[in-house]
Amino acid sequence: AFRFLDVGANAGLYTLFARSEAQAARRPFEAICVEPSPEMLVRLRFNLKASGAAGEVFVFDCAAGAREGTAAFYTDARNRGESRIDGAGDRRARLRPLAALIDEAGARTIDAMKIDIEGAEKAALEGLFTGSGSRYRPAFVIMELSHGADGAAALLASEGYVETFRTLRNGVFSRR
């Protein structure tokens, strides 16, 4: 199966795109979606059900972090995609390391990953790399770069990833 990890899944657009590409390649598909926003979880689950993908996707109601815990979560009412872990948050969100979520979902590998969590990418990647050794190294990572992700990009480089493509907001990093 093609296994996709979508961190900051929002309404599931990247997951559904990855699924359509896996289907076009005639590969079974499995995904793990991580989304801490209650409203976006409702939209994500609706989209997965409406597209017939719900049985192929594990959905986790939490934020990704370096370790287990909780953090203040700010909901941006004007742009739900910019909701984030923030000390000025209006509610508490559970933090979980990505390696623990992958283990819980029963995945053996991760082929590709998208991460867009408004500046908390480095902590989430630390929760993946320190918790899994080399087990869950995706072949490529799509990461939002517009929220000060320099530390996350440097962490990816230290783990053997090279930036291979960049758009205005995102970078694609491939494992050497």
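## Exercises on a predicted model

K114 is buried, with a relative accessible area of 4%. The model is predicted. Work through the tasks in order.

**Exercise 1. Is K114 buried or exposed, and in which strand is its place?**

Step 1. Find the element. K114 sits in strand β8, which covers residues 112-115.

Step 2. Apply the cut-off. Buried means under 20% relative accessible area. K114 has 4%, so K114 is buried.

Step 3. List the contacts. Leaving out residues up to four places away in sequence, K114 touches F4, L5, D6, V7, G8, A9, Y14 and I142.

Step 4. Look across to the neighbouring strand. D6 stands opposite K114. Strand β1 (residues 2-7) pairs with β8 in the parallel sense, over 4 bridges.

**Exercise 2. In what order do the strands of the open sheet stand, and which stand at the edges?**

Step 1. Read off the order. The 7 strands run β3-β2-β1-β8-β9-β11-β10. Their pairing is mixed.

Step 2. Find the edges. β3 (57-60) and β10 (161-166) each have a single partner strand, so one side of each lacks a neighbour in the sheet.

Step 3. Check the turn. On average, and with direction ignored, neighbouring strands are turned by 15 degrees against each other.

**Exercise 3. Across which strands does helix α4 lie, and how do α4 and α5 pack?**

Step 1. Place α4 on the sheet. Helix α4 (residues 121-132) lies across β8, β9 (140-144) and β10. The helix runs at about 150 degrees to β8.

Step 2. Choose the descriptors. Two packed helices are described by the angle between their axes and the distance between the axes.

Step 3. Take the values. α4 and helix α5 (residues 150-158) pack at about 25 degrees, with axes 8 Å apart.

Step 4. Classify. Angles under 35 degrees count as roughly parallel. Therefore α4 and α5 are roughly parallel to each other.

Step 5. Name the residues in contact. From α4 come E121, K122, L125, E126 and F129; from α5 come G151, A152, L155 and L156. They divide into 5 nonpolar, 1 polar and 3 charged.

**Exercise 4. Which residues of helix α3 are buried, and why do they line one face?**

Step 1. List them. In α3 (residues 98-105), L98, A99, L101, I102 and A105 are buried.

Step 2. View the helix down its axis. The buried residues of α3 fall within an arc of 160 degrees, so they line one face.

Step 3. Recall the geometry. An α-helix has 3.6 residues a turn, so residues three or four places apart point the same way.

Step 4. Look past the end. G106 follows α3, and its phi is positive, near 80 degrees.

Methods
Residues are numbered from 1 along each chain as its sequence is written. This is a predicted model: local features need pLDDT of at least 70, side-chain atom pairs count only at pLDDT 80 or more; totals for chains, interfaces and linings use all residues. Side-chain values use heavy atoms; hydrogens and water are left out. Helices (H or I, at least four residues) and strands (E, at least two) are DSSP runs, numbered from the N terminus. Buried means under 20% relative accessible area, exposed over 50%, partly exposed in between (1.4 Å probe, protein chains only). Contact means heavy atoms within 4.5 Å. Two strands pair if DSSP finds at least two bridges between them. Axes are lines fitted to C-alpha atoms, for helices over the stretch in contact, and angles run from 0 to 180 degrees between N-to-C directions. Angles under 35 degrees count as roughly parallel, over 145 as roughly antiparallel, 65 to 115 as roughly perpendicular and the rest as oblique. Ala, Val, Leu, Ile, Met, Phe, Trp, Tyr, Cys and Pro count as nonpolar, Asp, Glu, Lys and Arg as charged, and the others, Gly among them, as polar. The arc is that of the directions from the helix axis to the C-beta atoms.
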